[in-house]
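Subject: A structure to look at, with notes

Dear colleague,

I am passing on the structure below, together with some notes on what was found in it. Please have it open while you read.

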Amino acid sequence: MPTMPDTPRLEALGQRLRAARKRRGLRLRHVAQILRVAITTVHGWEAGATHIPALRLVEYADLLGLDLGPLGRSRVIRDRSAPHQAAA
């Protein structure tokens, strides 16, 4: 299957989601139940294999305690528990 241009971004997003989920001690099954999707759907998002719809991303980020931040920033997702740095 050919690689899509946004695959590295999807993979990076998925890695962040997976890491945040594991820090929260949540299993794929629990996330899927809460978001009302299949386990394979959540796995696809975390693997960077499938696009996550914007509204689902917002729901997932809320569940994980992640801040999506302004869309124009290079680092779109940041953990709300991480210390914030002042802009230079």
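What percentage of the 88 residues in the protein do the buried residues make up? Buried residues make up 30% of the 88, where buried means under 20% relative accessible area, exposed over 50% and partly exposed in between, with a 1.4 Å probe and protein chains only. Please keep in mind that this is a predicted model, in which local features need pLDDT of at least 70 and side-chain atom pairs count only at pLDDT 80 or more, while totals for chains, interfaces and linings use all residues. Residues are numbered from 1 along each chain as its sequence is written, and side-chain values use heavy atoms, with hydrogens and water left out.

The secondary structure comes to 4 helices and 2 strands, which run α-α-α-α-β-β from the N terminus on; helices (H or I, at least four residues) and strands (E, at least two) are DSSP runs, numbered from the N terminus.

The largest nonpolar core (a set of buried Ala, Val, Leu, Ile, Met, Phe, Trp, Tyr and Cys residues joined through side-chain atoms within 4.5 Å) has 16 residues, and those with the most contacts inside it are L17, V42, W45 and Y60. Two or more residues are given to this core by each of α1 (7–23), α2 (28–35), α3 and α4, and the largest share, 4 residues, comes from α4.

Two of these residues also form the 1 aromatic pair that a search of the whole structure finds. The rings of W45 and Y60 have their centres 6.2 Å apart and their planes at 45 degrees, so the pair is tilted; rings of Phe, Tyr and Trp (its six-membered ring) pair if their centres lie within 6.5 Å, and planes under 30 degrees apart count as stacked, over 60 as edge-to-face and the rest as tilted. Because W45 lies in helix α3 (residues 39–47) and Y60 in helix α4 (residues 54–64), the pair ties together parts that are 15 residues apart in sequence. Both W45 and Y60 are buried.

Leaving aside neighbours within four places in sequence, Y60 is in contact (heavy atoms within 4.5 Å) with several residues, including L17, V42 and R21. R21, found in helix α1, is buried as well, with a relative accessible area of 6%, and its side chain makes a polar contact with the side chain of E46 at 2.7 Å. A polar contact is a pair of N or O atoms within 3.5 Å; within protein, one must be able to donate a hydrogen and the other to accept it, and residues adjacent in sequence count only if both atoms are side-chain atoms.

With best wishes
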